[in-house]
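Please open the structure in your viewer and keep the selection panel at hand. The stops below proceed one selection at a time.

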Amino acid sequence: MWIIIGVIFVIAFTIVIVWAIDKFIPNKLKAPISILLWIGIFALGYLTFNSVYDEIKFHNIKKERYAAVIENLVDIRDSQLAYKEVKGKFTGNYDTLIKFIETGKFAIIERRDSTVLDKEKTKTYGGIKYFKEITIVDTLDFVAVKDSLFKKSSRYKTMMNIPFAKDGTKFKLQAGEIGKEEDKMLPVFEAVGMKKDILHDQRKDLVNKEENTFSVEEINGDAIKIGSMEEVKTNGNWPKVYDPIKN
């Protein structure tokens with residue numbers, strides 16, 4: 001918006017100057033002043049073009065980088081959910097998570113309903129037979145976590161690294177428990193990547209503007225994250241347009 005206002009102002013200002021030169025400046029001075037004016041117009045035009053182009057370029061770079069970041073965060077989320085399914089909790093340690101992916105197994109189970117004699121009730125009512133419904137769980141087989149989540153890919157080994165950030169910059173990973181539900185603590189996790197790390201080599205003013213953005217079509221705030229340490233959720237803070245396309 002400010003760029004558009006600036007362009008309109010430059011155009012209006014130029015028209016005023018041309019009118020003033022034609023009306024008040026002697027003929028012998030018009031030529032050199034006009035040359036200087038045109039130089040100024042071209043300089044302003046160049047600066048205006050660069051300003052608009054830098055915004056467009058930054059937007060495209062941001063989109064590309066955020067997409068890569070979100071793919072890693074989704075891999076972390078899927079790995080954490082698998083870990084919780086087997087271990088009953090999340091982990092805040094990447095080495096533990098990677099080791100689990102490489103060695104852990106999912107149990108393939110089958111649930112079936114059955115009816116059995118309710119011995120206590122039968123005894124209570126003097127031998128009259130009472131039956132109750134139960135669910136029987138049978139373990140049929142085991143499947144490797146790695147094969148289930150990543151097939152032949154080894155990207156889980158680098159999913160903790162923030163794409164395009166400086167070498168060694170990792171998502172901050174936390175895990176713990178919060179609240180109570182039927183007297184049980186609920187496991188939670190959170191993985192966070194800061195925008196300033198993802199966009200560390202871009203113009204500081206554009207990065208600062210991005211960190212303070214607020215839009216239903218953009219990722220608001222100064223970070224991209226998945227999960228939460230304050231509530232039970234496993235989704236990310238990005239709009240659906242950023243969701244990775246599953247093959």
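Begin with Leu73, Ile76, Ile224 and Trp238, the residues with the most contacts inside the largest nonpolar core of this predicted model. That core has 36 residues. To see where they come from, colour the elements that give two or more residues to it: helix H2 (27-87), helix H3 (94-103), helix H5 (145-150), strand S4 (184-194), helix H7 (204-211) and strand S5 (223-227). Helix H2 makes the largest contribution to this core, with 9 residues.

Next, select Ile224 alone and display what surrounds it. Apart from its neighbours within four places in sequence, Ile224 is in contact with Tyr66, Val69, Ile70 and Leu73, as well as with Ala191, Val192 and Gly193. The remaining contacts of Ile224 are with Ile198, Ile219, Asn237 and Trp238.

Now turn to helix H2 and select Arg77, which is found in that helix. Is Arg77 buried or exposed? Its relative accessibility is 18%, and because the cut-off for a buried residue is under 20%, Arg77 counts as buried. Show the side chains of Phe189, Ile226, Thr234 and Asn235 as well: these are the contacts of Arg77 once neighbours within four places in sequence are left aside.

Remain in helix H2 and move to Asn72, which also has its place there. Asn72 is buried, since its relative accessible area is 15%. Which residues are in contact with Asn72, neighbours within four places in sequence left aside? They are Thr158, Met159, Asn161, Pro163 and Phe171.

The following stop is an enclosed space. A search of the whole structure finds 1 cavity of 30 Å³ or more, and the volume of the largest cavity is about 30 Å³. To locate it, select its lining: Lys225, Ile226, Gly227, Lys233, Asn235, Gly236 and Asn237. Two of these residues have appeared already as contacts of Arg77, namely Ile226 and Asn235. Asn237, also in the lining, was listed among the contacts of Ile224. Sorted by class, the lining of this cavity has 1 nonpolar, 4 polar and 2 charged residues.

From the cavity, proceed to the second largest pocket, which holds about 200 Å³ of space. Select Glu55, Phe58, His59, Lys62, Leu206, Lys209, Glu210, Thr213, Ser215 and Glu218, which line this pocket. The elements that give two or more residues to the lining are H2 and H7. Helix H2 supplies the largest share, 4 residues. What classes of residue form the lining of this pocket? There are 2 nonpolar, 3 polar and 5 charged residues.

Finally, clear the selections and view the whole chain. The chain has 7 helices and 5 strands, and along the sequence these follow the pattern α-α-α-β-α-β-α-β-β-α-α-β. Of the 247 residues in the chain, 28% are buried. When contacts between residues at least 6 apart in sequence are considered, 60% of them join residues at least 24 apart. With a surface display switched on, the view shows what the chain exposes, about 16900 Å², of which carbon and sulfur atoms supply 57%.

Terms used
Residues numbered from 1 in each chain as written. Predicted model: local features only at pLDDT ≥ 70, side-chain atom pairs only at ≥ 80, totals over all residues. Heavy atoms only, no water. Core = buried A, V, L, I, M, F, W, Y, C linked by side-chain atoms within 4.5 Å. Buried < 20%, exposed > 50% of the residue type's maximum accessible area, 1.4 Å probe, protein only. Contact = heavy atoms within 4.5 Å. 1 Å grid on protein atoms, 1.4 Å probe; cavity = no way out; pocket = protein on both sides within 12 Å on 5 of 7 lines; lining within 4 Å. Points joined across faces, edges and corners; volume = space filled by probe spheres on them. Nonpolar A, V, L, I, M, F, W, Y, C, P; charged D, E, K, R; others polar. Areas by Shrake-Rupley, 256 points an atom, 1.4 Å probe, with all protein chains shown as cover.
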